[in-house]
Amino acid sequence: MTVSQGGRGCCSHSRRRFLKIGAAVGGGLLLGIDLAAFAAVSDSETTHAPFEPNAFLRIDAGGRITFVMQFIEMGQGTYTSIPMLIAEELEVDVDRVVVEHAPADDKVYANPLIGIQMTGGSTSVRASWEPMRRAGATARVMLLNAAAGQWGVDPKSCEAADGYILHRSSARKKPYGDLVDAAARLPVPQDVALKEPKMFKLIGTSHRRLDTPAKVNGSATFGIDVLIPRMKFAVVAISPTFGGTLADVDEVKAKAVAGVSQVVRMQDAVAVIGVHTWAAKQGLAAANATWDVGTNAWLSTADVVNQLATACQKPGAIARREGEAARVLESATQRMQAVYEQPFLAHAALEPMNCTVHVQPNGCDVWVGTQVAGTARSAVARVTGLKPEQVRIHNHLLGGGFGRRLEVDGIVRAAQVAKQVDGPVKVIWTREEDIQHDMYRPYYYDHLVVALNESGRPTAWTHRIAGSSIQARFFPQAVKNGVDADAVESAANPAYALGAMQVEWIAQEPPGIPTAFWRGVGVTRSTFVVESFIDELAAHAKVDPLGYRLTLLERNSRARAVLELAASKAGWGTKLPRHRGRGIALCTGFGSFIGQVVEVAVGTHGAIAVTRVVCVVDCGLVVNPDTVRAQMQSGIIFGLSAALYGEITLKDGRVQQSNFHDYRVLRMNEAPPIEVHLIESVEAPGGVGEPATSCVMPALTNAVYAATGKRVRKLPLVTAPV
Amino acid sequence: MTILNVNDQQREADVPADMPLLWVLRDVLQMTGTKFGCGRGLCGACMIHLDGEPVRSCVTTVGAAAGRRIMTIESVGGTALGRKVQQAWIDLDVPQCGYCQSGQIMSAISLLARSSRPSDTDIETAMTANICRCGTYPRIREAIKRAAGEA
Ligand code: FES
Ligand code: FES
């Protein structure tokens, strides 16, 4: 699904109304915005659906502009980017647009690109691009019409600037706040013209983020910071083996710990309740829980890999078929093949899982930072037996999401605990619990076989991908013909011309291991494989990896442009000292194009130091360039952490890692200098939160190859010493 | 009853002496600016100053902190250096999710209190204790230099 591009006439055909205007309770102008109407632009069935506003713009008599929106700040700057879109057309300073969290209601706050209320998949700015601007423009025109009416002048002779409507020839002006009540009684103008990109004053400028001051003085409130009067604290332990159940706990010993009031047993977990987290934690240790290990207690990583390798021997569901790849392969004189493996990964957001719940007979309050408030509400309703409308989700800042907070397992767990506790209870997971009971990025096993012509270019490309299907659990309706479209993204539709193609998907679930989206999702896993193998083909053809890519990208000018600029900024082709190397990679996903060059130095014992990253991004029209730069830096460091160190392994049905000493992430001394270059573009904005992560992993391993001649086909690098 | 000096105020807490200061601050004194990240001294989210020295409050007992000057993120705006660091963080839009930033700022302030012109190596040495999962390291580095008056 795509969002139509701003700046063009969008309302020429039968798009249903997306805006409704009314008088706000307590005075002022209220615009209800139906974001789904925009997503439905090409879907004739829904064009006659009733108007259901899912975001609101309100201007009160004091001129205060409030936007109630459904996206959650996870660090990607949404709270600044979206107000910029509104402010641009409304002709106000962006600081005057105050953003409030939307309450949980799937129907009302549906993310138009996905269908339920969620933040993820780099959609926030993409989904809002046009409707936010249109909302701002519509409000501006109504205020202008109201002023013109009061002055008895032609609206065309008025203009909006800085929160005022002006009539220059008579030197009159009125602040928006004085006009809102009159504007609310006017008809809604149709087809309001949006600014041409060259007229933008805010969009494309680096605006400081609005959420920073609270984040530098300790006042920003994350889910874990919630303080409720009479609140108790709980620490939870879940069965260390997946699928195990609680056998026994020593309640007497637990309660002997000062400050411990209660032990809550669940089928597969136990929680100890205390006056503070420390009492609860000590109580949990004293409780000495024992477990029935369950049916997966034999499981090790090797078992999972064996299952995937076996599954990968049989044909899978067809994700892409172009020509007769099998026939071309059979008659080919040159073939190459490779297997790539990528490990289970934890999210390890710095704010550990937590959720505060107060269950009462007629309702339930939930304080948490979640990417899916609507799903959370239904889940809590199920656990508590309440109706969804009796559940109130109070959403908070997220101390990192990366896909982890798209899942509601932590919220369900907290509700199970709170159901048995009198009064509000904050349920906290220790870091160990957070790592050992994450929902993991799946282990993936990819097998590629290609046919090559005499110059080493592919004439047939076959790619079989085996792994857990997150989509089958998360969005079952999106699985078509057995293909997890997310898992194969960027593999089924690579940017390169690869000849005849056959891409297959095999869903193979690891027994009992919960899996989930992880930054960049399918694009991340696929880009590593495709970009690594393309690099192998270039090496096989004895062609420079940049030049090799460019010849396969003849019809993809945006992809070529990011690679060429990245190469030139990085000094591609210039000589490097011994044991150093440069690697290049391309990522096309989320509507953006990214080219990166990574430089590494490999020490005598194989230690890899990343010495430089050059990143070029074309993400269409940029709303806030500094946010894009920040997301590139962030995504690159996140991807380097994973490629260098990230790995969750299993033994006896348990996760072996437990904290940051054995689930390492990059630290300051390991973070390379990162140069980000933005390509100017007027294409529709693409996502920026995820593709830099996807791109940097193969750029890194390709650099390791350049430095050492060793091809990395299995991540992470720490377990594949070079 | 333990008597604590937190941000130049006397506070009382009826807690066991072996309780980590982190939980006393957050759960008992209701000062949630200091964050929990790992509980094992590995991430720096819980960094505070004890008599001016940066310490991880998750592995510092309240007993060991009694009678000493505890400074937390909530009070850094009260010193000139603290304000300079906060402003540099704002000017360069350092935080993303923001969760690690209390700890980062506490480490940065103690670095700048020790050396007014830290080198890149000084910065790395001082800041390596603090994990940022959102990868704000490049901006933290720049912000420290800016606060030091180099930028
Ligand atoms: S919470 Fe103290 S160092 Fe991580
Ligand atoms: S800003 Fe998110 S962990 Fe540092």
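This passage describes the fold of chain A, the interface between chain A and chain B, one residue at that interface, and the cysteines of a predicted model.

Chain A, as predicted, contains 18 helices and 28 strands. Of its 722 residues, 63% count as buried, and among the contacts that join residues at least 6 apart in the sequence of chain A, 75% link residues at least 24 apart.

The contact between the two chains involves 60 residues from chain A and 52 residues from chain B. The area buried between them is about 4700 Å², and carbon and sulfur atoms account for 60% of this area. Polar interactions are also found here, since the count between chain B and chain A comes to 21 residue pairs in polar contact, with both residues of each pair at pLDDT 80 or more. On the chain B side, helix H1 (21-28), helix H3 (80-91), helix H4 (101-114), helix H5 (120-127) and helix H6 (137-147) each contribute at least two residues to the surface that touches chain A, and the largest share, five residues, is supplied by H6(B). When the residues on this side of chain B are sorted by class, 28 are nonpolar, 12 are polar and 12 are charged. Four salt bridges are found across the interface of chain B and chain A; one of them pairs A:Asp626 with B:Arg139, whose closest N and O atoms lie 2.9 Å apart.

A:Thr430 offers a detailed view of a single position, and this residue is located in the loop that runs between strand E19 (425-428) and helix H12 (431-436) of chain A. With a relative accessibility of 13%, A:Thr430 counts as buried, and the side chain of A:Thr430 reaches the backbone nitrogen of A:Glu433 at 3.1 Å. When residues up to four places away in sequence are left out, A:Thr430 touches A:Val235 and A:Lys281, together with B:Phe36 from the other chain.

A disulfide is a covalent bond between the sulfur atoms of two cysteines. A search of the whole structure, taken over all chains, finds zero disulfides. For A:Cys355, the closest cysteine sulfur belongs to A:Cys364 and lies 8.4 Å away, which is too far for a bond, because a disulfide requires the two sulfur atoms to be within 2.5 Å. A:Cys355 is itself buried, with a relative accessible area of 1%, and in chain B the residue B:Cys38 is likewise buried, with a relative accessible area of 3%.

Key:
Residues are numbered from 1 along each chain as its sequence is written. Chains are lettered from A and ligands numbered from 1 in the order in which they are written. This is a predicted model: local features need pLDDT of at least 70, side-chain atom pairs count only at pLDDT 80 or more; totals for chains, interfaces and linings use all residues. Side-chain values use heavy atoms; hydrogens and water are left out. Buried means under 20% relative accessible area, exposed over 50%, partly exposed in between (1.4 Å probe, protein chains only). Contact means heavy atoms within 4.5 Å. Buried area is the accessible area (1.4 Å probe) that two parts lose on being put together, summed over both. A salt bridge is a side-chain nitrogen of Lys or Arg within 4 Å of a carboxyl oxygen of Asp or Glu. A polar contact is a pair of N or O atoms within 3.5 Å; within protein, one must be able to donate a hydrogen and the other to accept it, and residues adjacent in sequence count only if both atoms are side-chain atoms. Helices (H or I, at least four residues) and strands (E, at least two) are DSSP runs, numbered from the N terminus. Ala, Val, Leu, Ile, Met, Phe, Trp, Tyr, Cys and Pro count as nonpolar, Asp, Glu, Lys and Arg as charged, and the others, Gly among them, as polar.
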